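Please find below my comments on the structure you asked me to look over, written so that each point can be checked against the model as you read.

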Amino acid sequence: MLTEAQAWQVLDGVPDPEVPVVSVVELGIVRELHCSDVGVTVVVTPTYSGCPATEVIGQSVRDALLAAG
């Protein structure tokens with residue numbers, strides 16, 4: 001089980017698919033993160049409505065957190 005600090009650190013390593021030198025955390029796409037006994041809840045807000053990368057970002061966030069435990 002990840003702590004909130006660990007989860008933030010993991011997400012800080014997830015690159016934005018359109019600008020890969022910047023993480024989703026640095027871009028401000030990740031708005032909230034909550035860890036509990038059940039798992040991790042992440043609130044992601046795209047940079048603009050209709051952003052074509054929204055699904056890719058969501059999957060990348062899930063994959064990174066699952067890989068980290």
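The points that follow go from the whole chain to its largest pocket and then to single residues.

1. To begin with the kind of model, this is a predicted one, and the values below should be read with that in mind. The protein chain holds two helices and two strands, and when one starts at the N terminus the order of these elements is α-β-β-α.

2. On overall dimensions, the radius of gyration of the protein chain is 11 Å, which agrees with the value near 11 Å that a compact globule of 69 residues would have. Along the principal axes, the box filled by the C-alpha atoms comes to roughly 35 × 20 × 15 Å, and a student may find it useful to keep both descriptions side by side.

3. Turning to surface and contacts, 23% of the 69 residues in the protein chain are buried. The accessible surface amounts to about 4,400 Å², and carbon and sulfur atoms account for 55% of that area. Among contacts with a separation of 6 or more, 48% join residues that lie 24 or more positions apart.

4. Which residues line the largest pocket? The lining is formed by Met1, Leu2, Gly39, Val40, Val42, Val61, Arg62, Leu65, Leu66 and Gly69, and the elements that supply two or more of these residues are β2 (40–44) and α2 (54–68). Helix α2 makes the greatest contribution, giving four residues. The volume of this pocket is about 170 Å³, and its lining is made up of seven nonpolar residues, two polar ones and one charged one.

5. Is Ala5 buried or exposed? Ala5, which belongs to helix α1 (residues 4–11), has a relative accessible area of 57%, and because the cut-off for exposed is over 50%, Ala5 counts as exposed. Its C-alpha atom is separated by 9.6 Å from that of Leu33, although the two residues are 28 residues apart along the chain.

6. Val56 makes a useful companion to Ala5, and the two can be viewed together. Val56 is part of helix α2, and its relative accessibility is 43%, so Val56 counts as partly exposed, a class that lies between the limits of 20% and 50%. Between the C-alpha atoms of Val56 and Ala5 there are 23 Å, and along the chain the two are 51 residues apart.

7. Leu27 is found in the loop between α1 and β1 (30–35), where a relative accessibility of 37% makes this residue partly exposed. Once the neighbours within four places in sequence are left aside, Leu27 is in contact with Asp16 and Val22. The C-alpha atom of Leu27 is also 9.5 Å from that of Pro15, a residue twelve residues apart from Leu27 along the chain.

8. Asp12 likewise has its place in the loop between α1 and β1, and its relative accessible area of 39% puts Asp12 among the partly exposed residues. What does Asp12 touch, not counting residues up to four places away in sequence? The residues are Ser23, Val25 and Glu26. From Asp12 to Ala67 the C-alpha to C-alpha distance is 14 Å, with their positions 55 residues apart in sequence counted as the separation.

Notes
Residues numbered from 1 in each chain as written. Predicted model: local features only at pLDDT ≥ 70, side-chain atom pairs only at ≥ 80, totals over all residues. Heavy atoms only, no water. Rg over C-alpha atoms; globule rule 2.2 N^0.38 Å. Buried < 20%, exposed > 50% of the residue type's maximum accessible area, 1.4 Å probe, protein only. Contact = heavy atoms within 4.5 Å. Areas by Shrake-Rupley, 256 points an atom, 1.4 Å probe, with all protein chains shown as cover. 1 Å grid on protein atoms, 1.4 Å probe; cavity = no way out; pocket = protein on both sides within 12 Å on 5 of 7 lines; lining within 4 Å. Points joined across faces, edges and corners; volume = space filled by probe spheres on them. Nonpolar A, V, L, I, M, F, W, Y, C, P; charged D, E, K, R; others polar.
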